[in-house]
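Proteins are rarely solid blocks, and the gaps in them are worth a look. Take a moment to turn the structure around before you read on.

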Amino acid sequence: MAYGRLENKVAIVTGGASGFGRGIATKFAREGAKVIIADLSGEAAETIAKELGCQYSVADVTKREHWNDLLKLAVEQFGGLDIIVNNAGATYKNKPTMEVTDNDFDLVMNVNVKSIYLSTSVLVPYFLDNKRPGVFINIASTAGIRPRPGLTWYNASKAAVSNATKTMAVEYGPQKIRFNAVCPVVGSTGMTHLFLGKPDTEENRAGFVSTVPLGRGCTPVDVGNACCYLASDEAEFITGVNLEVDGGRCV
Ligand SMILES: NC(=O)c1ccc[n+]([C@@H]2O[C@H](COP(=O)([O-])OP(=O)(O)OC[C@H]3O[C@@H](n4cnc5c(N)ncnc54)[C@H](O)[C@@H]3O)[C@@H](O)[C@H]2O)c1
């Protein structure tokens, strides 16, 4: 495997302290990117940053001032910014839609959607002012394309991510800012137990995965590889796609 596909690139990976985000940060660091892990969980972020030899910042992606701080960090530490992976996400526990609370709704809309609004609101002007060809990769989900029951507003938040990604791709294409989404199918991460809607047993996890034609769940390595391609110059003509990393689940 050739390394160095992201040499000289500076990347922020939100939610990089766990699950898919950790896989993305690992792949990016291995391919030569200078990575900033931005996560609510400072302890986990610090451990992984040490392991990968990268930077970290304790950040809440739902806060505008934290996005301002992240941009400042990238510019001061690395001289600029090239790639943002909006990976941090949240869900409430799978339940009948009529039992969803206002807090549940606010959680998924804030962490999954408002974060992308804020990241673009802070970072697109930076790319435009500096005439840099920025790359946004937003982690959506197969849930936004082929939803399962019991997660109405999580699913809807991911559909919003996919749609906003396409809209911004066409709006900012002329300025060479690329926007793509990656849509993983269920994997085994910190939030998987919340998706099941049943007791978290091996049998119930296997039932979830049985709907995937390639016969397994998505891994952090799968997501890291997909993001690496979209972030690299190999994908310079790719914008506005929702890349399903799902073993055929959405066919
Ligand atoms: N796990 C799955 O099956 C699955 C499937 C499809 C899509 N996704 C999406 O993948 C992305 C990564 O999730 P994961 O499965 O790796 O889960 P995870 O729980 O393992 O990781 C999520 C990370 O995001 C961080 N985070 C949460 N809220 C934050 C905030 N406000 N600010 C900063 N960081 C915050 C957490 O601290 C954690 O490190 C999410 O967007 C999720 O919706 C997950």
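This report walks through two pockets and the ligand.

Keep in mind that this is a predicted model. A short word on how empty space is found: rolling a probe the size of a water molecule over the atoms shows where empty space is left.

**The largest pocket**

Start with the largest pocket, whose volume is about 830 Å³. Its lining is made of 44 residues, and the ones nearest its centre are N87, G89, A90, T189 and M191. If you want to find the lining by its helices and strands, look for α1 (19-30), β2 (34-39), α4 (102-130), α5 (152-172) and α6 (192-195), each of which gives two or more residues to it. By character, the lining of this pocket holds 22 nonpolar, 17 polar and five charged residues.

**The ligand**

Where does the ligand sit? The space that the ligand takes is the largest pocket. Around the ligand there are 27 residues, with S18, D39, N87, Y154 and T189 coming nearest. N87 and T189 are worth marking on your screen: they are among the residues nearest the centre of the largest pocket, and they are also among those that come nearest to the ligand.

The shell around the ligand draws at least two residues from each of α1, α5 and α6. Sorted by character, this shell contains 14 nonpolar, ten polar and three charged residues.

Now zoom in on single atoms. The table lists three places where the protein and the ligand meet.

| Residue | Protein atom | Ligand atom | Distance |
|---|---|---|---|
| F20 | backbone N or O | oxygen | 2.8 Å |
| L40 | backbone N or O | nitrogen | 3.3 Å |
| T189 | polar side-chain atom | oxygen | 2.5 Å |

How much of the ligand's exposed area does the protein bury? Taken alone, the ligand exposes 830 Å², and the protein buries 91% of that. Watch the units here: the pocket's figure is a volume of about 830 Å³, whereas the ligand's figure of 830 Å² is an exposed area.

**The second largest pocket**

Finally, visit the second largest pocket, which holds about 310 Å³ of space. It is lined by 16 residues, and P133, K176, R178, E236 and F237 are the closest to its centre. The lining of the second largest pocket splits into seven nonpolar, three polar and six charged residues.

How values were computed: Residues numbered from 1 in each chain as written. Predicted model: local features only at pLDDT ≥ 70, side-chain atom pairs only at ≥ 80, totals over all residues. Heavy atoms only, no water. 1 Å grid on protein atoms, 1.4 Å probe; cavity = no way out; pocket = protein on both sides within 12 Å on 5 of 7 lines; lining within 4 Å. Points joined across faces, edges and corners; volume = space filled by probe spheres on them. Helix = DSSP H or I, 4+ residues; strand = E, 2+ residues; numbered from the N terminus. Nonpolar A, V, L, I, M, F, W, Y, C, P; charged D, E, K, R; others polar. Near = heavy atom within 4 Å. Polar contact = N/O pair within 3.5 Å; in protein donor to acceptor, adjacent residues only side chain to side chain. Areas by Shrake-Rupley, 256 points an atom, 1.4 Å probe, with all protein chains shown as cover. Sits in = over half its atoms within 2 Å of the grid points.
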